[in-house]
Amino acid sequence: MVQYNFKKITVVPPGKDFIDIILSRTQRQTPTVVHKGYAISRIRQFYMRKVRYSQQNFYEKLSTIIDEFPRLDDVHPFYGDLLHVLYNKDHYKLALGQINTARNIIAKISKDYLRLLKYGDSLYRCKCLKVAALGRMCTVIKRISPSLAYLEQIRQHMARLPSIDPNTRTLLICGYPNVGKSSFMNKITRADVDVQPYAFTTKSLFVGHADYKYLRYQVIDTPGILDRPFEDRNIIEMCSITALAHLRAAVLFFLDISGSCGYSIVQQAALFHSIKSLFMNKPLVIVCNKTDLQPLEKLSEEDMKLVMEMKAEAMKTIAQGGEPNEEGVLLTMSTLTEDGVIAVKNAACERLLDQRVEIKMKSKKINDCLNRFHVAMPKPRDNKERLPCIPQAVLEARANAAAAKEKKKLERKLEKDLENENGGAGVYSASLKKHYMLADDEWKEDILPEILDGHNVADFLDPDILQRCEELEREEGLRLEEEAAQEAFQIDGHELTEEQREILGQIRKKKAMLIQEHRMKKRTAESRPVVPRKFDKDRKFTTDRMGRQLSSMGFDPSAAVDRARSKSRGRKRERSLSRAGNDGDDMDIDGQQSNKKLRVSSRSRSRSKSRPPEEVVPGEGFRDSDQKKKAVKKAKDSVKKRNKEARRGEADRVIPTLKPKHLFSGKRSIGKTSRR
């Protein structure tokens, strides 16, 4: 059986890319260095090799294109006509013919220039002949660039065509647009055809597969067909006509008896009679769809007459011996309610199967098969009744097996038997209490009490225990809050006065509000840079406001305001008068003392002592300096390997290029064996 797989056709490059591919391959695969001091025979061979290699590559590429595209005369007539409908057979053949002509011209150019190169008398002349040969080959490829682009478009479109086997069991769905063909296809197969409430939703052939009696059936959904002359039909309709004409399939002609598709039964009957010549020698089923909107029995007499005429024509499509079979010719269904969908599929499959069996029985192959078989039918020699003879050993074995089965039933059941009787694994749960030895067997499944200190907890359980626990927790929380509030107003063990408590409470309240405001800002504007004071347009943080707040709490704000203003303006480099006398020398400094004398008398401040690295700072979480040393050492050891491999962090998974292409590609000159 021939399988058509158009997805394996090689990509056809454009003309410019075609030339670049061949010339770059020639440059890479042939020698590139020649000197005028070489013997003339060596120079001729150098350039002849380049011309011959380019011609071979052009020939192989063009031959691949010609061989892989299907020949319309060799493929199945269905695919031949389908390709003609989609791409115009004449244009397709012309494009392949131009490719074949270009291949022959390139071979002739190569042959001519190789003959000329044999008589080249200098390096310059051989090089000119090589350039001319490759130039003429590239010119030939440039001239067929439109054909290459056309064949690439055809290849892309053919790769999207469904894989249809013309010889397998096939159900073909046809009819007017929007009568329910795609909906039926989605119901009986796993295909996902787009269904919309407008005409020509399906614009090409769609393939699905269904099973019936352990056989796989191919279901083809065709685009809708309109009742008009053959010449006026478009490409979408011609796809359906091609499938009807060439595929040996059971045809399901769909009728929308409700008229919701936009076409009356008269129009649908006219379409049926116009294409009935395509149904000859094929099983035909008339499917009346959308019975949920309009039952078949409630049709008018004129419409019912048209339906019966179509049924009569459908029975004539297969010329069978004997009386025609009316079963499975006219069926009703609704894809919305799924009423009758499976019956339609089964009837169509059954009619197709009967026809295929009948064709095989009438063929010559059946005689060859029957000659190989011989069915022996024994004849009775007398009228005696001969009962079957069963050996005694077999009878005894059967009796023993039955006795063993009865004995097993009387014995104690195993857990495996109980599991099989009660639903199997995952359903049955073995009871661990049934072997308890108690005074009364009814106690085995009782819930065990919880014992605490020799007493049953259930005996002391209060029904209001949860409510009382909540009250106790609430009371404990209030008590803890009061204790915290009392302790908050004690500084160094001394209680504060009422006025001091009030001021301290205001300060803490203000501090809590500032912390809360800062957290809200941080939540709403994370990773926002610090805004300079000059951009604080609301002027929330000013020295005047700070002075007013401190004055309201009973403090002198002058020192704090001066300090804030001095920080905002920036401090000049100067030596403080008060700082000069802080070193223990009792110096009487007045306003008339000179700066020089101040510099001489003052001493330089010693630098603050640095904290050793192993010293534990409160809040770091270390018990002592030894523990901190170990932690620091472990941290250094953990990053040692990462630093050695030059990784940025733990998440750095970059794999460096071990062999950079610019260092390892290209040719090495004569005598060079190392890359550097």
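**Close-up views of a predicted model**

**Figure 1. Glu473 counts as exposed, at 59% relative accessibility.** The model is predicted. The cut-off for exposed is over 50% relative accessible area, so Glu473 falls in that class with its 59%. Glu473 sits in helix 15, which runs over residues 465-488. Together with Glu470, Glu471 and Glu475, Glu473 makes up a negative patch on the surface.

**Figure 2. Ile390 belongs to a nonpolar surface patch.** Its partners in the patch are Val394 and Leu395. Together, Ile390, Val394 and Leu395 have about 210 Å² of accessible area. Ile390 is placed in the loop that links helix 12 (365-370) to helix 13 (392-410). Its relative accessible area is 39%, so Ile390 is classed as partly exposed. That class lies between the buried limit, under 20%, and the exposed limit, over 50%.

**Figure 3. Ser274 touches Asp227 and Arg233, leaving aside residues up to four places away in sequence.** Ser274 is part of helix 9, residues 265-274. Pro229 is 45 residues from Ser274 in sequence. In space, the C-alpha atoms of Ser274 and Pro229 are 9.1 Å apart. Ser274 is partly exposed, because its relative accessibility is 39%.

**Figure 4. Asn281 is not a glycine, yet has a positive phi of about 60°.** Most residues other than glycine have a negative phi. Asn281 lies in the loop from helix 9 to strand 5 (284-289). Its relative accessibility reaches 56%, so Asn281 counts as exposed.

**Figure 5. Lys290 has a positive phi of about 60°, although Lys290 is not a glycine.** The residue lies in the loop between strand 5 and helix 10 (301-316). Buried or exposed? Lys290 is buried, because its relative accessible area is 16%. The cut-off for buried is under 20%.

**Figure 6. The whole chain gives the setting for the close-ups: 22 helices and 10 strands.** The chain has 676 residues, and 29% of them count as buried. It exposes about 49,400 Å². Carbon and sulfur atoms supply 53% of that area. Among contacts in the chain with a separation of 6 or more, 66% join residues 24 or more positions apart.

Methods:
Residues numbered from 1 in each chain as written. Predicted model: local features only at pLDDT ≥ 70, side-chain atom pairs only at ≥ 80, totals over all residues. Heavy atoms only, no water. Patch = residues over 30% accessible without salt bridge, like charges linked within 9 Å, V, L, I, M, F, W, Y side chains within 5 Å. Areas by Shrake-Rupley, 256 points an atom, 1.4 Å probe, with all protein chains shown as cover. Salt bridge = Lys/Arg side-chain N within 4 Å of Asp/Glu carboxyl O. Lys, Arg positive; Asp, Glu negative; His and termini not counted. Charge placed at Lys NZ, Arg CZ, Asp CG, Glu CD. Helix = DSSP H or I, 4+ residues; strand = E, 2+ residues; numbered from the N terminus. Buried < 20%, exposed > 50% of the residue type's maximum accessible area, 1.4 Å probe, protein only. Contact = heavy atoms within 4.5 Å.
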